[in-house]
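Colleague: I am new to this one, so could you walk me through the reasoning behind the labels? I would like to hear how each conclusion is reached.

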Amino acid sequence: MTGFELEMAGFDESMGLPYGPYINNEMLSVSSYEPHLPSDASNTLHVEGFPPNCIRRELAHIYRPFTGFCAVRLVNTGYSNRHVIAYADFETSAEAFSAMKSLQGYLFDMHDRYSVKLDLQFLPGPSKVN
């Protein structure tokens, strides 16, 4: 770099990256964040908090905007007064973690005073494949 380029460049201490008009900055990839994933991270999320009349298509609309979303499955608990349990599958545990952080506490139906907030957890077990 020339002296002028060095003067124009800076350093972002929060990210540990140089910045400026003559530096090629690229966003870190999702896989760069994997060391920060919780130890129980997996590709599948266990989700509770959906109303009993919820259908698979409604659930898919919630997860579809998230990178790596693959599928969602509904589980009938056998109790009509219980909320629906669902499993959301993602390509990587980092993508599942991103969706979990974004949707934790999501209120499914704002106009239903009995609506509960979504509770997302990683599905434990051997489903962790990156």
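Modeller: Happily; here is a short conversation about aromatic pairs, a strand, cysteines and a serine. Please keep in mind that this is a predicted model.

Colleague: Let us start with the rings. What makes Phe-69 and Phe-90 an edge-to-face pair?

Modeller: Two values decide it. Their ring centres are 5.9 Å apart, and pairing asks for centres within 6.5 Å. The planes meet at 65 degrees, and angles over 60 count as edge-to-face, so the label fits. By this rule the count comes to five aromatic pairs.

Colleague: Which parts does the pair of Phe-69 and Phe-90 tie together?

Modeller: Phe-69 belongs to strand 4 (residues 69-75) and Phe-90 to strand 5 (residues 84-90), so the pair links parts that are 21 residues apart in sequence. Phe-69 also stands opposite Phe-90 in strand 5, and six bridges join these two antiparallel strands. Together with Tyr-63, the two residues form one aromatic cluster.

Colleague: And why is the pair of Phe-97 and Phe-122 called stacked?

Modeller: The angle between the planes is 25 degrees, and planes under 30 degrees apart count as stacked. The centre-to-centre distance is 6.1 Å, which sits within the 6.5 Å limit. Phe-97 lies in helix 3 (residues 93-103) and Phe-122 in strand 6 (residues 119-122), so this pair connects parts 25 residues apart in sequence. Both residues are buried.

Colleague: How do you know that Phe-90 is buried?

Modeller: Its relative accessible area is 3%, and buried means under 20%, so Phe-90 qualifies. In strand 5, seven of its seven residues are buried. Val-84, Ala-86, Ala-88 and Phe-90 point one way, while Ile-85, Tyr-87 and Asp-89 point the other way. Strand 5 also pairs with strand 3 (residues 44-50), antiparallel, over six bridges, and there Phe-50 stands opposite Val-84.

Colleague: What about the cysteines: why is Cys-54 called buried and Cys-70 partly exposed?

Modeller: Cys-54 has a relative accessible area of 7%, which is under 20%, so it is buried. Cys-70 has 46%, which falls between the 20% and 50% limits, so it is partly exposed. The structure holds zero disulfides.

Colleague: One last residue: what makes Ser-115 buried?

Modeller: Its relative accessible area is 17%, again under the 20% limit. Ser-115 is in the loop between helix 3 and strand 6. Its side chain reaches the backbone nitrogen of Asp-109 at 3.2 Å, which is within the 3.5 Å limit for a polar contact.

Definitions and conventions:
Residues are numbered from 1 along each chain as its sequence is written. This is a predicted model: local features need pLDDT of at least 70, side-chain atom pairs count only at pLDDT 80 or more; totals for chains, interfaces and linings use all residues. Side-chain values use heavy atoms; hydrogens and water are left out. Rings of Phe, Tyr and Trp (its six-membered ring) pair if their centres lie within 6.5 Å; planes under 30 degrees apart count as stacked, over 60 as edge-to-face and the rest as tilted. Helices (H or I, at least four residues) and strands (E, at least two) are DSSP runs, numbered from the N terminus. Buried means under 20% relative accessible area, exposed over 50%, partly exposed in between (1.4 Å probe, protein chains only). A disulfide is a pair of cysteine sulfur atoms within 2.5 Å. A polar contact is a pair of N or O atoms within 3.5 Å; within protein, one must be able to donate a hydrogen and the other to accept it, and residues adjacent in sequence count only if both atoms are side-chain atoms. Two strands pair if DSSP finds at least two bridges between them.
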